[in-house]
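Subject: A structure for you to look at

Hello,

Here is the structure I promised to pass on. Have a look at it first, and then read my notes below.

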Amino acid sequence: ATSASASSSGEGKSPLYDEFVRLLSAPQYKGKGISNSSLKDHFGEARYPSLVPIINELTRASRLTMSKGSSRTGEAEVYFSLLSAEEATRLQGLDAPCRMVYQVVEASGNKGIWTVDIRNQTNIPQVTLTKIFKQLETRRLIKPIKAVTAKTKKLYMLYDLTPAKEITGGPWYSEYEFDHEFIAELRNFILMCVRRMNGGLGVGKGVTLKQISNKMIQANVSRVQLSLEEVQQLVQTLAFDYMIEQRGVTENGEALFVAAKPVTTMCDFGWWDVLSPDFPFRGIRFEDGVSLSAHEPHYHS
């Protein structure tokens, strides 16, 4: 009881107060917070009642928020979440429902949360929830965003966060639409790089993803900075279209890419010549230098 009264005085120096703040500051409790049952397990039946003055003090200072959630068994439970001094200042003057909505949005991270899920988690009526959204948006605490998978619906996330790629579609989307033209430009540039840096069609040992990526950065061909993984995605689309292919690896195990040879090699006869009775006995020369003399079987299509 002594430690609780010391903490409620606002000094915040009692061992129990410090332990409580330290526990709620742990990374695993950032956002959603810690459940009431977990607090009981941590502090035990003897010390748990002494947390009441500490919880009240932090709540009055807007440093602590409470939200509804589910336990591991699926039962309804209260969760406590600690705010930093800066966050508390920004939430100053907001009532409990506003702080609850803010906390639920914060827990969603950079993937955001649908408005219907906020309503389900807080049990706040839609009319009241709309007013809270407007109030939090005015303070630049949260912001509405759209997802490429559901452009007519609305997500909310904290104002300062950048939406995850799963939400925006990453660099391949522009204004929530798949940008075919942008991707085509990047693919053409990569194909040109592979050909020129490798000395032409089928010549040289090949170029690596890092070399291609560095060339794209130097040429400033992309409107956004592409990661090596995203460059690899573009390279894979070219490989699937039989425009480039892998030819071995470097000493460090990096894949080497070259321009692919045409799947059907062009030659100096037309399709109508194939219908001629003497076609199998003609001499034929292909673009890649391969020659078939007369009397050799001709099975090219």
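A residue is called buried under 20% relative accessible area, exposed over 50% and partly exposed in between, using a 1.4 Å probe and protein chains only. S222 has 14% relative accessibility, so this residue counts as buried.

Before going on, please note that this is a predicted model, where local features need pLDDT of at least 70, side-chain atom pairs count only at pLDDT 80 or more, and totals for chains, interfaces and linings use all residues. Residues are numbered from 1 along each chain as its sequence is written, and side-chain values use heavy atoms, leaving out hydrogens and water.

Where does S222 sit? You will find S222 in the loop between α11 (209-219) and α12 (228-240); helices (H or I, at least four residues) are DSSP runs, as are strands (E, at least two), numbered from the N terminus. Leaving aside residues up to four places away in sequence, S222 touches F182 and L186, where contact means heavy atoms within 4.5 Å.

Now for the largest nonpolar core, meaning a set of buried Ala, Val, Leu, Ile, Met, Phe, Trp, Tyr and Cys residues joined through side-chain atoms within 4.5 Å. Among its 20 residues, I190, I212, M216, L234 and V235 touch the most other members. At least two residues each come from α10 (180-197), α11 and α12, and α10 gives the largest share, 8 residues. I212 touches I190, V194, V207, V231 and V235, again not counting residues up to four places away in sequence. A second, separate core has 19 residues, including L83 and Y156.

Happy exploring!
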